[in-house]
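Let's sit down with a model and practise reading its features one at a time. Have the sequence and the coordinates open as we talk.

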Amino acid sequence: MSDNAPKGALTNPFALSNDDGYTWLKGNLHSHTTNSDGRATPQERLDGYVGQGYDFLCLSDHHKLTFIDTVQAPSDFVLIQGAELHPDNPFGGQRHHFVCLNFHEDINAEKMPPQHVIDEVRRQGGAVWLAHPHWSSVNILRDAVPLNGFAGIEVFNTTCRCAGRGESSVHWDDWMDLENRLYPALANDDSHALEADQRDTYQGWTWVRVKERTADAVVAALVAGASYGSTGPAIHDIQLRRTDREGDDRTQVEATVSCSPAQRIVGVSDSFGTEYHQHGALFETATFALRANARWVRFEIVDERGQKAWSNPFDLTALKRAE
């Protein structure tokens with residue numbers, strides 16, 4: 001089974017123990033201020049997320065950095081310096097939208113090829129995420145596959161949901177299929193409006209598993225996949241085990257998912273998938289078989305209001321057969 005293993009193995013955040021010093025932090029990695037096209041000042045934007053109990057934030061204004069030393073945050077709040085950069089797209093699609101995290105010098109992205117932008121952010125120690133590809137009408141084969149060095153994809157975006165194209169899970173699956181590579185995902189607000197408008201704030205977030213409350217630790221964990229995105233549900237644990245036996249010509253894996261009250265859970269695999277439900281009843285733990293011979297799986301947890309959480313993908317080829 002491992003001969004066709006997907007590239008880019010990710011860290012299972014649910015295997016990282018509290019006893020080893022790990023904790024969950026909640027944050028938004030895509031927001032705008034009056035330094036670009038947002039209606040809130042940088043301090044107002046920061047204060048809003050602090051007030052809502054978030055642990056980290058990136059003020060990712062368009063084209064240029066909003067430097068974190070220009071705002072005042074509580075001592076335990078993590079500010080991640082970054083920007084949304086927009087190099088031209090030479091492949092035929094719309095102009096690129098990259099959420100670029102944890103870099104420190106402005107980049108004139110509009111004058112650079114997209115690969116050079118990715119390379120420069122990474123040279124500065126940062127990470128680049130493909131932003132809201134559904135909203136941007138991204139064709140993964142045309143617009144993303146020719147590039148390399150992406151950290152992952154933005155699977156949910158609140159502002160884009162307001163425009164009818166908020167979720168990019170199909171783009172995510174397509175990308176992983178085309179490259180046979182596992183990519184982690186972010187869920188973000190992309191906040192532009194004021195908090196009082198109740199439009200695009202505090203509705204999409206990413207949970208990350210870290211030992212330290214620092215920008216470097218948060219971004220490293222995001223790149224490693226030690227995270228999950230949500231618009232409401234919480235994922236408490238995911239356990240996977242192989243259940244096939246010697247002589248079985250199929251590889252079978254069983255999943256146990258623990259979460260906040262859910263109406264259904266979908267296990268999306270590289271080929272097809274499976275759904276667990278209890279005929280409309282809410283549940284908090286589910287054990288079910290995944291698609292036979294699947295090479296990877298990611299989970300979507302859906303609550304009674306239709307809100308969703310997205311796990312990062314798991315490499316099923318690495319699982320050992322049960323003795």
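What follows is a short dialogue about this predicted model.

Q: Where should I look for backbone angles that stand out?

A: A good general idea to start from: most residues other than glycine have a negative phi. In this model, Asn102 has a positive phi, near 65°. Asp190 is another case, with a positive phi of about 55° although it is not a glycine. A further positive phi, near 50°, belongs to Asn180, which follows helix H5.

Q: Which elements flank Asn102, and which flank Asp190?

A: Asn102 sits in the loop between strand S5 (98–101) and helix H2 (114–123). Asp190 is in the loop between strand S8 (185–188) and strand S9 (205–210).

Q: Is Asn102 buried or exposed, and what about Asp190?

A: The reasoning here needs one cut-off: buried means under 20% relative accessible area. Asn102 counts as buried because its relative accessibility is 5%. Asp190 is buried too, with a relative accessible area of 4%.

Q: How do I read a nonpolar core?

A: In soluble globular proteins, nonpolar side chains tend to be buried together. Here, the largest nonpolar core has 30 residues, and those touching the most other members are Leu85, Phe98, Phe103, Leu130, Phe150, Trp172 and Trp175. At least two residues of this core come from each of strand S4 (82–85), S5, H2, strand S6 (127–130), helix H3 (140–144), strand S7 (152–157), H5 and S8. Apart from this core lies another, of 23 residues, including Tyr228, Ile235, Ala255 and Leu290.

Q: What does Leu130 contact, beyond its neighbours within four places in sequence?

A: Its contacts include His97, Phe98, Val138, Ile140, Phe150, Ile153 and Trp175.

Q: Which residues of H5 are buried?

A: In helix H5 (residues 169–179), the buried residues are Ser169, His171, Trp172, Asp173, Trp175, Met176 and Glu179. Trp172 and Trp175 are also among the core residues that touch the most other members.

Q: How do I describe a sheet?

A: Begin with strand order and direction, then look at the edges and the twist. One open sheet here has three strands in the order S11-S12-S15, with antiparallel pairing. Strand S11 (235–242) and strand S15 (283–289) are the edge strands, each pairing on one side only. From one strand to the next, the twist averages 15°.

Q: How many bridges join S12 to S15?

A: Six bridges join strand S12 (residues 253–262) to S15, and the two run antiparallel. To locate one of the pairs, find Val257, whose bridge partner in S15 is Ala286.

Technical notes
Residues are numbered from 1 along each chain as its sequence is written. This is a predicted model: local features need pLDDT of at least 70, side-chain atom pairs count only at pLDDT 80 or more; totals for chains, interfaces and linings use all residues. Side-chain values use heavy atoms; hydrogens and water are left out. Buried means under 20% relative accessible area, exposed over 50%, partly exposed in between (1.4 Å probe, protein chains only). Helices (H or I, at least four residues) and strands (E, at least two) are DSSP runs, numbered from the N terminus. A nonpolar core is a set of buried Ala, Val, Leu, Ile, Met, Phe, Trp, Tyr and Cys residues joined through side-chain atoms within 4.5 Å. Contact means heavy atoms within 4.5 Å. Two strands pair if DSSP finds at least two bridges between them. Axes are lines fitted to C-alpha atoms, for helices over the stretch in contact, and angles run from 0 to 180 degrees between N-to-C directions.
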